[in-house]
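Let's take a walk through a protein model together. Have the sequence and the 3D view open, and follow along one step at a time.

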Protein chains: 2
Amino acid sequence: MRWSQTFIPTLKEVPEGAEIPSHVLMLRAGLISQVMAGAYTYLPLGLRALRKAEQIVREEMDRAGAVELLMPALTPMSLWQRTGRDRDFGPVLIHFQLQRGNRKVHLALGPTHEEVITDLVARFISSYRQLPITFYQIQTKFRNEERPRFGVLRTSEFLMKDAYSFGTSLEQLNESYQRMYEAYCRIFDRCGLEYLAVEAESGPIGGEASHEFMVPAQHGEDVLVKCDRCSYAANTERAARRKTDQPPPTEDLQPLELVDTPGASTIEQVSRFLGCEPQRLIKTLIYLADGKPVAVLIRGDHEANENKIRRFLGASRLELATPEVIEQVTKAPVGFAGPVGLEGVPLYADWDVALVRNAVVGANQNERHYRGANLGRDFLVPEDHFGDLRMVVEGDPCPRCESGTLRTSHAIEVGHVFKLGTKYSQALGARFTDRDEQLREIIMGCYGIGVNRILAALIETSHDKDGIIWPLALAPFEVVVLPLNVQDEQVRQVAWKLHDELEAQGVEVLLDDRDVRAGVKFKDADLIGFPLRVTVGQRALKQGQLELKWRWSSQAISVPVDQAAEQIPQMLQQARSVPFRQLLQEQKQDTSQTSG
Amino acid sequence: MRWSQTFIPTLKEVPEGAEIPSHVLMLRAGLISQVMAGAYTYLPLGLRALRKAEQIVREEMDRAGAVELLMPALTPMSLWQRTGRDRDFGPVLIHFQLQRGNRKVHLALGPTHEEVITDLVARFISSYRQLPITFYQIQTKFRNEERPRFGVLRTSEFLMKDAYSFGTSLEQLNESYQRMYEAYCRIFDRCGLEYLAVEAESGPIGGEASHEFMVPAQHGEDVLVKCDRCSYAANTERAARRKTDQPPPTEDLQPLELVDTPGASTIEQVSRFLGCEPQRLIKTLIYLADGKPVAVLIRGDHEANENKIRRFLGASRLELATPEVIEQVTKAPVGFAGPVGLEGVPLYADWDVALVRNAVVGANQNERHYRGANLGRDFLVPEDHFGDLRMVVEGDPCPRCESGTLRTSHAIEVGHVFKLGTKYSQALGARFTDRDEQLREIIMGCYGIGVNRILAALIETSHDKDGIIWPLALAPFEVVVLPLNVQDEQVRQVAWKLHDELEAQGVEVLLDDRDVRAGVKFKDADLIGFPLRVTVGQRALKQGQLELKWRWSSQAISVPVDQAAEQIPQMLQQARSVPFRQLLQEQKQDTSQTSG
């Protein structure tokens, strides 16, 4: 392909509103162009990279035995109502009524397709003989992002690979899950990503076990938690911690004292008003667990983890109580709940609450708190009501190994695998007859990959000051042939011929046939980040040479003109066999050795 | 691929609501499954066929030098307002407001993408040096179909290839148009369709010249008009006719007579009331041409063609006058307009009006008509106010050749090419600087193909009582290997081995490994319509033979077992080199010779 025959509008300036490297570089390299907030056109080079990622995903899904189909984006709202996800998704679900003749139809744009696929399976699968089966599609999804940003990382429309497994038993589910998990590893490996599979909550999608595939990246919106010793990794929603054997503080017990705290109800306000650190405070949160009120104590500087609380209580639903319920339970307005004298509601506490002496707690009276509140003396929490009920923080002890410490880092979520269970098959009547002629619900898993995010995650973690550094697997073109001066007849002939010969051998090669200064071409080649650059210049040609340079290397290689068409495909083949991160790593070491 | 590893839910019964062969067969062959009215999931086999059609389209677009990109489906409503197409599309445009934080955004799902691509071009193209260029995408489009039906022929969501050309001059537009036209011919040829490129009006999409690519088909929703002698073909909106030199009728003139026609205002009512044929009536239609009222006379049994009238008047807009205007012009309620005594408004007439003697016309009085109205005596139409102003009908004379007669037939529209001109570049500010530093508007063309419709059109025109007859180019699999009895060890070994050997050679082959009766397998193979069926049976194996049969042929061919893996790819290669319609034709001749 010649540069002049495609469309590559590179930009010199950093576009307005672009905050993170992948966004800046995708715009500057002419991969995408913004249509409106959170909506982008994929320009020719961006589309080529996207299609390569899509194809890798497809190949590995096929290899894992998943069956490809394609569901519509427009779905009947009634399906979402049957599973209750019209409520769960809230404003994220894009839905509308359309007039058709004299009737209205209520449609939703699929943010995911559990409902549609389960409905299909309910109609066509009825026997254990047809199971297990895993379906997948690669399709445009729609979600109303309240705040679209960070380029293609957070948009209301994106390309998703969504797969759904259907089985007769937990064993079949676990096998399908494992096969998908392994396919995901192959996909992200092939795409040249450095990733972690972390334990995750299943969130509003519902279910029983899940892993997120995360690419650690400075500008990632997600946070992952990792042990500095062992392989434990989880997202912050899921991350657990070990109970420390830290002894309670030996500070003298002070008397319980009721104090006025006018206008102070939040942790920040109270600690400022009373001049004490937030870790001296204990929050009392009133939840409804399966509809029944409970009180949960969390140290003031910590954040409650509702998933942990829900699991600890063995509840299937947990939500913060309404102001009405809180006032009923505490006899005080919202913001002044406390454990002292709180009656008629079970009390639970995070482990760390036991380590606070002379705590500040709400007094269950309007604009009043207690100072000097102490567990055991002023309020009681049964031994077995203590647990890991808060979000972990940097420095917490690892829940898996004996000696590790948890560290947090930002990351980009690129994939997610879930064990769903029977939530959807139950709601939508997807049942099968087993060997004993018993009718049972099909057991499901679901598995998603954000295809666009693969590109953004790659760029976030593989670029330098000059531009993107693509792995061969995702690069829009593997090779750019760069004639320094297209007016020079010999340069022109050599460059055009080499391009044609490489193309004939199936190499994805772009010829920069523009009549512009060499500096502009070099800058654009680095900005776009083609893996291999072949420079055709008068001076080298006089010595019968061409200059080759890998984008990830600082060293150029000279190759005889008449051997280039043969050697380049071999070099590409060899580079393909080395994991991309290793290529990048070796280069870093080379550079440091050279400069050392 | 093995049957058991994919998902092919064939149906024995004709599904409810399926009216036409493509709809019935796509459902029965397990290509698609309905999610709701007008929304289908493409099941594995359907998706394979769809992707093959898509890939043919892509290859020919690339060959024509068009540049692929991908625009978002969600587009800002403001773009549609700038071109006025929010109104033009009316209820077909799906749009809605979304809440994002504390503001609302108004979005539309793109039914086509002139606005988005022109906006992109306006931002990135500024010089004649960047032109001409043609962009294309293959993307899901959304249109609210008032009455979705006929399977994938009329749905609210469909896969469209839309291309847009941008040039500096009419010459560049014509070149781009011609290149697209030729690419379309190659695409439909490769897909095995029998099609016509017919002249077409450009409709609400606006523009100056266009062709529709139509596949004549009994159940097509479009009607095309074709000369029975020459190559003239057009859609009904566009079709013209030659003026006949038929002499006026010689019937005696009768006196003009005012008659009461209580409750009769339509052609049907009046002709019934007065006991005369509709062709004895002359309709008087009041239009607003660029805002000014005109009266147009059309024979009672004919239908006015507003495009012809608009062009004949040299007007840029034409619409039926409102009841208020009609009453003002005719001094009578709607339904009683007539040419006798009509003043202050220019009168035009279709040629055929001159052939009506003793006509019945409205009397410009409530519930009254004239009988015995005659041109020249009772009302006048200037010679140069006569023209071809009506829709053609079967039997009209061809406008191109001297002796041909127009015939109409039903057809499926699969593609459309348009010369747009500057409608969108003007509205959206897509201008370029020409060689003389003059700023001018870019001249556009647009070119669409309905990818799903390719499949439906193929099936509508290539099936028999047993099922679909696919061309190799679109078939979900080229070859089906059909072991008659998978319990038989030898049959099993031969079939599995042949499948593996063919697959290794890149043949798209499906092994029907199901343990079901041979009759079921044969029926399904014919229903789905794989081009080549290879039967592996005990009896033939004893003689070292396999049985091969083309789907379009009634004769089976015996091939030695040990040569099959070599011969089948050769046979496929040979069959690919013959146009599909020729294969079908030859077969028909063979059959008729055999039976004759």
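Start with how chain A is divided up. Its domain assignment gives domain 1 (49-240 + 409-459), domain 2 (257-387) and domain 3 (470-595). Keep in mind as you look around that this is a predicted model.

Now pick out domain 1 and domain 3 of chain A. Their C-alpha centres lie 39 Å apart. Where the two meet, 11 residues of domain 1 of chain A are in contact with eight residues of domain 3 of chain A. Which elements give two or more residues to the domain 1 side? They are helix 2, helix 6 (170-190) and helix 11 (451-460) of chain A. Helix 2 of chain A provides the largest share of that side, with four residues. Sort the domain 1 side that touches domain 3 of chain A by class, and you get six nonpolar, one polar and four charged residues.

Let's stay with helix 2 of chain A for a moment, since you can do a quick check on it. This helix covers residues 44-63, which is 20 residues, and at 1.5 Å a residue it should span 28 Å. The C-alpha atoms at its ends are 28 Å apart, so the expected span and the model agree. Move on past the helix and you come to A:Gly65, which has a positive phi, near 85 degrees.

Next, a look at how helices pack. Two packed helices are described by the angle between their axes and the distance between the axes. In chain A, try helix 12 (residues 489-504) and helix 15 (residues 561-576): they pack at an angle of about 25 degrees, with their axes 9 Å apart. Angles under 35 degrees count as roughly parallel, so helix 12 of chain A is roughly parallel to helix 15 of chain A. The crossing of this pair is right-handed.

Which residues of these two helices meet? From helix 12 of chain A come A:Val494, A:Leu498, A:Glu501 and A:Leu502, and from helix 15 of chain A come A:Val561, A:Ala564, A:Ala565 and A:Ile568. By class, the residues of this contact are seven nonpolar, no polar and one charged.

Finally, hop over to chain B. The axes of helix 12 (residues 489-504) and helix 15 (residues 561-576) of chain B come within 9 Å and cross at roughly 25 degrees. That angle makes helix 12 of chain B roughly parallel to helix 15 of chain B. Here, too, you'll find a right-handed crossing.

How values were computed:
Residues numbered from 1 in each chain as written. Chains lettered and ligands numbered in written order. Predicted model: local features only at pLDDT ≥ 70, side-chain atom pairs only at ≥ 80, totals over all residues. Expected span 1.5 Å × (residues − 1). Domains from an automatic or database assignment. Contact = placed C-beta atoms within 7 Å. Nonpolar A, V, L, I, M, F, W, Y, C, P; charged D, E, K, R; others polar. Axes fitted to C-alpha atoms, helices over the stretch in contact; angles between N-to-C directions. Parallel < 35°, antiparallel > 145°, perpendicular 65-115°, else oblique. Left-handed = near helix turned anticlockwise from the far one by under 90°.
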